[in-house]
Amino acid sequence: METEPTQLMPQEEKYGAGMLRRFGVFYLLSGMGLLLRRLRMEERSVENIRQASENGHLVYVLYARSRIDWIALNRSLNKRNLPLAVFTPGLRSIWNRPIFDLFKHSFGALKQLFARPNDTLYLRQALERKDPCAVFLVQPATLGSTDTEVIQDLAQIQASLKEPIQLVPISVVWNRRPEKLRSETL
């Protein structure tokens, strides 16, 4: 069955911008598995995400575009079996995929490198399907950062949706390992 020309394929297939339930060999070889093994998420945060998912269109909101924060969120959501973002404007998960998926999705991703993707259109379609999404408020630039204007896009999209968009702010906090308290006995 052919799709209409205006109909886009799901982003996880065409755009490669979705979070993953399983990670691949490049993820492991890069050391991300070791780096992110001690992630934790508070129980009240888990409940807030579950409620937001039940009450409307779920959108995870991270402040600045950071691939490592996005992967950390992906890993934390996996550990708690929470909904993963199917689309994230400006990021792709191609290199973190298992080998089979990498080959399966790489052609679509390569095609997208040469095309100008319409992130607002993809975001709208994902939210209309009630797929969870993740967005960034600012994009790092050489000096400072620039606004992604995603909040304005979400406001326009909300006008056409029956259920509310549930914005879930995400903050990834990187702490150094606390020093062990030494007990010296004399």
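**Exercise 1.** Which elements are included in what covers the buried residues of helix 8?

*Solution.* Begin with the residues themselves, bearing in mind that this is a predicted model: in helix 8, which spans residues 150–158, the buried residues are V150, D153, L154 and I157. Around the helix axis they cover an arc of only 100 degrees, and they therefore lie on the same side of helix 8. Next, turn to their cover, which includes strand 1, strand 2 and strand 4 (165–170), together with helix 7 (119–128).

**Exercise 2.** Determine in which sense strand 2 pairs with strand 1 and in which sense with strand 3.

*Solution.* Take strand 1 (residues 57–64) to start with: its pairing with strand 2 (residues 133–140) is parallel and runs over five bridges, and within this part of the structure L62 has F136 of strand 2 as its bridge partner. Then consider strand 3 (residues 145–147), whose pairing with strand 2 is antiparallel and comprises three bridges; here P140 is found opposite S145 of strand 3.

**Exercise 3.** Place these elements in the chain as a whole, and state what share of its residues is buried.

*Solution.* The chain contains eight helices and four strands, which follow one another along the sequence as α-α-α-α-β-α-α-α-β-β-α-β. For burial, where the cut-off is under 20% relative accessible area, the share is 40% of the 186 residues. Finally, among contacts with a separation of 6 or more, 81% join residues 24 or more positions apart, while the exposed area of the chain is about 12300 Å², of which carbon and sulfur atoms supply 54%.

Note on methods. Residues are numbered from 1 along each chain as its sequence is written. This is a predicted model: local features need pLDDT of at least 70, side-chain atom pairs count only at pLDDT 80 or more; totals for chains, interfaces and linings use all residues. Side-chain values use heavy atoms; hydrogens and water are left out. Helices (H or I, at least four residues) and strands (E, at least two) are DSSP runs, numbered from the N terminus. Buried means under 20% relative accessible area, exposed over 50%, partly exposed in between (1.4 Å probe, protein chains only). Contact means heavy atoms within 4.5 Å. Accessible areas come from the Shrake-Rupley method with a 1.4 Å probe; for residues, only the protein chains shown count as cover. Two strands pair if DSSP finds at least two bridges between them. The arc is that of the directions from the helix axis to the C-beta atoms.
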